Structure formats: C-alpha cells, structure tokens
Amino acid sequence: MPPNNQTAQVRDLNRRNADAAAQDILCALCDGQQAVPYALVSSFGAESAVLLHMVSEINRDWPIIFIDTMMLFPETLTYQSELALKFGLTNIQHHRAGPQTVTRHDPTAMLHQSDPDTCCRIRKTDVLTASLRPYSGWITGRKRHQAQTRGHLPLYEVDPIIAGIKINPLAHWTGQDVAAYFQAHDLPRHPLVARGYPSIGCTPCTSPVKDGEDPRSGRWRGTQKTECGIHLPPAAPKTQPLPQGELA
Ligand code: SF4
C-alpha cells in the first residue's frame, strides 16, 4: 500500500496536468535540477524514439535505462546504437542479469517456455528494480490504445516496485499521434515495424500482428501473459532476489 501522501501527490498531478503536453510533463521533471531524478526506461522498441527524442531536446544527459535480457532481437541492439548516436544521448545505462543468476535459473536458455514469469523476473524485473534504486521515479512510453489492459492508464501512478512515481507522458497518445511525431521529426523506425511488429520484446516471445489486432497481441501469443511484470505489483517471489550488485 503506497503512503497516503504519495497517493495524494499523484492524484494532484493527474488533476493539474490532465491537458499538459508530453514535452511539458518531461520538462517539469527536471526543472532547475542538474541531475534528472527520473529515469526514462526504454526498450528501444517500435515507438521508443518519440520519448528518446523528446528527452534529448531537453537534456542529452537524461538517464536512460535499457534492460538487455540477452534475448532481444539483434535489430533492437542495432537500433539502440543508431538512436543514441542520432540524438546524442550520453547517459544510456545498460543493465542485464548477472551470469551467475542466468546460469542458476536458466542454464539452457529455455526458461521462457517452461516458466515465462520467472524468466521475465530474473532477466527484467529484478534487474530493473535494482537499476532504479538511485531515482525518485521512472518514465514509461505506455499508451492507452496499445491494449485493453492499458485502457485506463493515468499520466502519473504510484509505482509499487520502487515506492516512487511512474510517469506515462504519452498515455493519451494514439497510433496516429505517434506516426505524426515520427514524420514531423523524421525519426528512424525500428526495422521490425515494417515486418509486422508494432510491439517488440524478446525474440522467443514476440510475433507479428495482423490488421485489427491489439498492437501488443503478438507478445506471449497463445498464453494468458500480457505483461513482463515491470508494470505489475510485486508478486511473491518464486526465485531468490538478485544479490546486491549482481548486474552486468
Ligand atoms: S519476454 Fe520472454 S525471453 Fe524475455 S524475459 Fe520474458 S519470458 Fe524471458
């Protein structure tokens, strides 16, 4: 349960900024501060270039956290390097599970088939939680239109993972808004978008999407799983938490 004052702060932020532009929401997060206390967590996926471009125009040292699950498409890694160079981003932090953790829990790299929740936990959620420790909160690129499960996404939420604030500046953006921003700023597209991937995660858990399907319907297709866990309240651990500092 979040502290009452945090819940009240989030309620007030949502009320005051209901009509604020995404750029203004981002500017307010670093107003007058040398080191930005809110990290942008980016997958460098299909629509990530929008927020990455926005923060680069405000502060190229903006902290950006990139979780490398070691199961990503090679195209994502190439795209990450391309955007970093194009936008002049100087503070992209790469985080991944330590080799001992991976060897202990997923020695054959097939855990995504037998227990995808634990696979996401050791490769993503635990890593993200550790990487966010220095920050007051984090920024995501989630949008309401992406899936029915995101239909009521607020601009600001209390984040149960770090007991800080999670900001979704693009919550109200549509697919058309995203396309217009890409066009207006001549942003490069992730190469898999043209091959039918509107949402891009790990290679074994992402498939192309047909016309009319939710953009995220290609993630964990054929299972009940819809989120990797970084946007869900913490569950009772099935695995031992990562030892302090066991990140690559
Ligand atoms: S998306 Fe799939 S491969 Fe990636 S961490 Fe989750 S279960 Fe593992």
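The paragraphs below go through a sheet, a pair of helices and the surroundings of a ligand in a predicted model.

The sheet is a convenient place to begin. Strands of a sheet pair through backbone hydrogen bonds, and the pairing is either parallel or antiparallel. Here 6 strands form an open sheet in the order E3-E2-E1-E4-E6-E5, and the pairing is mixed. The edges are taken by strand E3 (92-95) and strand E5 (156-159); each has a single partner strand, so one side of each is left without a neighbour in the sheet. On average, neighbouring strands of this sheet are turned by 30 degrees against each other, with direction ignored.

At the E3 edge, strand E2 (residues 64-67) is joined to E3 by 4 bridges, and the two strands run parallel. One place to look for this pairing is Ile 64, whose bridge partner in E3 is Ile 92.

Further along the order, strand E4 (residues 137-139) pairs with strand E6 (residues 164-167) over 3 bridges, again in the parallel sense. In this pair, Ile 139 stands opposite Ile 167 of E6.

At the other edge, E5 and E6 run antiparallel and are joined by 4 bridges. Asp 159 stands opposite Gly 164 in E6. E5 and E6 form a hairpin with 4 residues between the strands, and in this hairpin Ala 163 takes a positive phi near 55 degrees.

The next feature is a contact between two helices. The axes of helix H2 (residues 22-30) and helix H3 (residues 49-58) come within 10 Å and cross at roughly 50 degrees. Why are H2 and H3 described as oblique to each other? Angles from 35 to 65 degrees fall between roughly parallel and roughly perpendicular, and the crossing of H2 and H3 is therefore oblique. The crossing of H2 past H3 is right-handed.

On the H2 side, the residues that meet H3 are Ala 22, Gln 23, Leu 26, Cys 27 and Cys 30, while H3 contributes Met 54, Val 55 and Ile 58. Sorted by class, this contact of H2 with H3 has 7 nonpolar residues, 1 polar residue and no charged residues.

The last stop is the ligand. Which residues are closest to the ligand? They are Pro 116, Cys 119, Cys 120, Cys 202 and Cys 205, out of 13 residues that surround the ligand. Helix H7 (residues 116-131) provides the largest share of this shell, with 5 residues. By class, the shell around the ligand has 8 nonpolar, 3 polar and 2 charged residues.

Definitions and conventions:
Residues are numbered from 1 along each chain as its sequence is written. This is a predicted model: local features need pLDDT of at least 70, side-chain atom pairs count only at pLDDT 80 or more; totals for chains, interfaces and linings use all residues. Axes are lines fitted to C-alpha atoms, for helices over the stretch in contact, and angles run from 0 to 180 degrees between N-to-C directions. Angles under 35 degrees count as roughly parallel, over 145 as roughly antiparallel, 65 to 115 as roughly perpendicular and the rest as oblique. A crossing is left-handed if the near helix is turned anticlockwise from the far one by less than a right angle, and right-handed if clockwise. Two residues are in contact if their C-beta atoms, placed from the backbone, lie within 7 Å. Ala, Val, Leu, Ile, Met, Phe, Trp, Tyr, Cys and Pro count as nonpolar, Asp, Glu, Lys and Arg as charged, and the others, Gly among them, as polar. A residue is near a molecule or strand if its C-beta atom, placed from the backbone, lies within 6 Å of it. Two strands pair if DSSP finds at least two bridges between them.
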